[in-house]
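Got your viewer open and a selection box ready? Let's take a walk through this one, stop by stop.

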Amino acid sequence: MIVAKPQNKQIPNCAQCVIKKEGDYLHSSNFRWVVHSLIKMKFGFCGDGDCPDWVLAEIHSNLAQLTTGQLNDLGEHTAKSILGEEIPEAEISKIYSITKGSMDGPKGGIACLRFLLTSASRYNTESAEFSTELQQLGLPKEHTAILCRLLDDYVQKIRAVLREKSLSINQLDTFSCSIPKNTIDCIQLKIGIQNEIVDGLPRKTAHTVNLNRNDALLLLSELKAVRDTMESYNFDKKYSEEK
């Protein structure tokens, strides 16, 4: 396989390089250089930062392999899950034609779509810019159009959810403190978490933590300091100034 040589340092649409047999081209043995150069590019939907390598991998190996209809259905379910709806596992399995076995493919696709939609919404990315950047990352034009439509349809609702639940990832649900039997200066914390991201999806989880009594008192003091800082911070004022 031979990949077309990029025409400039920015490598626009480089992930969709044309395959040729002869001429002034970059051989596939050097394709890693192309990918590394692409990763170093800055993207508006990433806050003018790098695109995570796992997102780039999922775009190529997962999203780009779906039909436009499959991507549309998966995107609709993902967008609605960001707003709080449950993801219907049976429908997702149908999209990927899975009757039994691993769900790694669907989980990766959903996690990637969730990142793309929430990041584009968070950084106020316009559809035109989003479309250009997705194509630079290698997503086909028809697939890009679907994601841009989803962004236009859900962006306001997603932003509202992000504002309302800006600190709700790993949100505290339940908490209890006890002293285990037959221990000295030991405190056991049982913590229930909502929206902990597990395999790319929000889950409800439970954790048990054992602490030394002195460490627990230090942790409590630091948490109180953080609470005071957060209560004095006017997020609405800052957000309105940025707008």
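Before you select anything, one working term: a contact here means heavy atoms within 4.5 Å. Also keep in mind that you are looking at a predicted model.

Start with the whole chain in cartoon view. You should find nine helices and five strands, running along the sequence as β-β-α-α-α-α-α-α-α-β-β-β-α-α. Colour by accessibility if you like: of the 243 residues, 37% are buried. As for contacts with a separation of 6 or more, 55% of them join residues 24 or more positions apart.

Next, select Ile 158, which sits in helix α7. Is Ile 158 buried or exposed? Its relative accessibility is 0%, so it counts as buried. Show its neighbours: leaving aside residues up to four places away in sequence, Ile 158 touches Ile 82, Leu 83, Leu 117, Thr 118 and Ser 121. For a distance label, pick the C-alpha atoms of Ile 158 and Ser 119, which are 10.0 Å apart although 39 residues separate them along the chain.

Now widen the selection to α7 (residues 141-164) and add helix α3 (residues 68-82). How are these two arranged? Their axes are 10 Å apart and make an angle of about 10°. Angles under 35 degrees count as roughly parallel, so that is the label for α3 and α7. To see the contact itself, show side chains on the α3 side for Thr 68, Leu 71, Asn 72, Gly 75, Glu 76, Ala 79, Lys 80 and Ile 82. On the α7 side, pick Glu 142, His 143, Ile 146, Leu 147, Arg 149, Leu 150, Tyr 154, Ile 158 and Val 161. Coloured by class, this contact comes out as nine nonpolar, four polar and four charged residues.

Hop over to helix α2, residues 53-61, where Val 55, Leu 56, Glu 58 and Ile 59 are buried. Look down the axis: these residues span an arc of only 165°, so they lie on the same side of α2. Spin to the face turned away from that buried side and you'll meet the exposed residues Asp 53 and Ser 61.

Last stop, the cysteines. How many disulfides are there? The count is zero, with a pair needing sulfur atoms within 2.5 Å. Try Cys 177: its closest cysteine sulfur is in Cys 186, 9.7 Å away and too far for a bond. Cys 177 is partly exposed at 49% relative accessible area, whereas Cys 148 is buried at 8%.

Conventions
Residues numbered from 1 in each chain as written. Predicted model: local features only at pLDDT ≥ 70, side-chain atom pairs only at ≥ 80, totals over all residues. Heavy atoms only, no water. Axes fitted to C-alpha atoms, helices over the stretch in contact; angles between N-to-C directions. Helix = DSSP H or I, 4+ residues; strand = E, 2+ residues; numbered from the N terminus. Parallel < 35°, antiparallel > 145°, perpendicular 65-115°, else oblique. Nonpolar A, V, L, I, M, F, W, Y, C, P; charged D, E, K, R; others polar. Buried < 20%, exposed > 50% of the residue type's maximum accessible area, 1.4 Å probe, protein only. Arc of directions from axis to C-beta.
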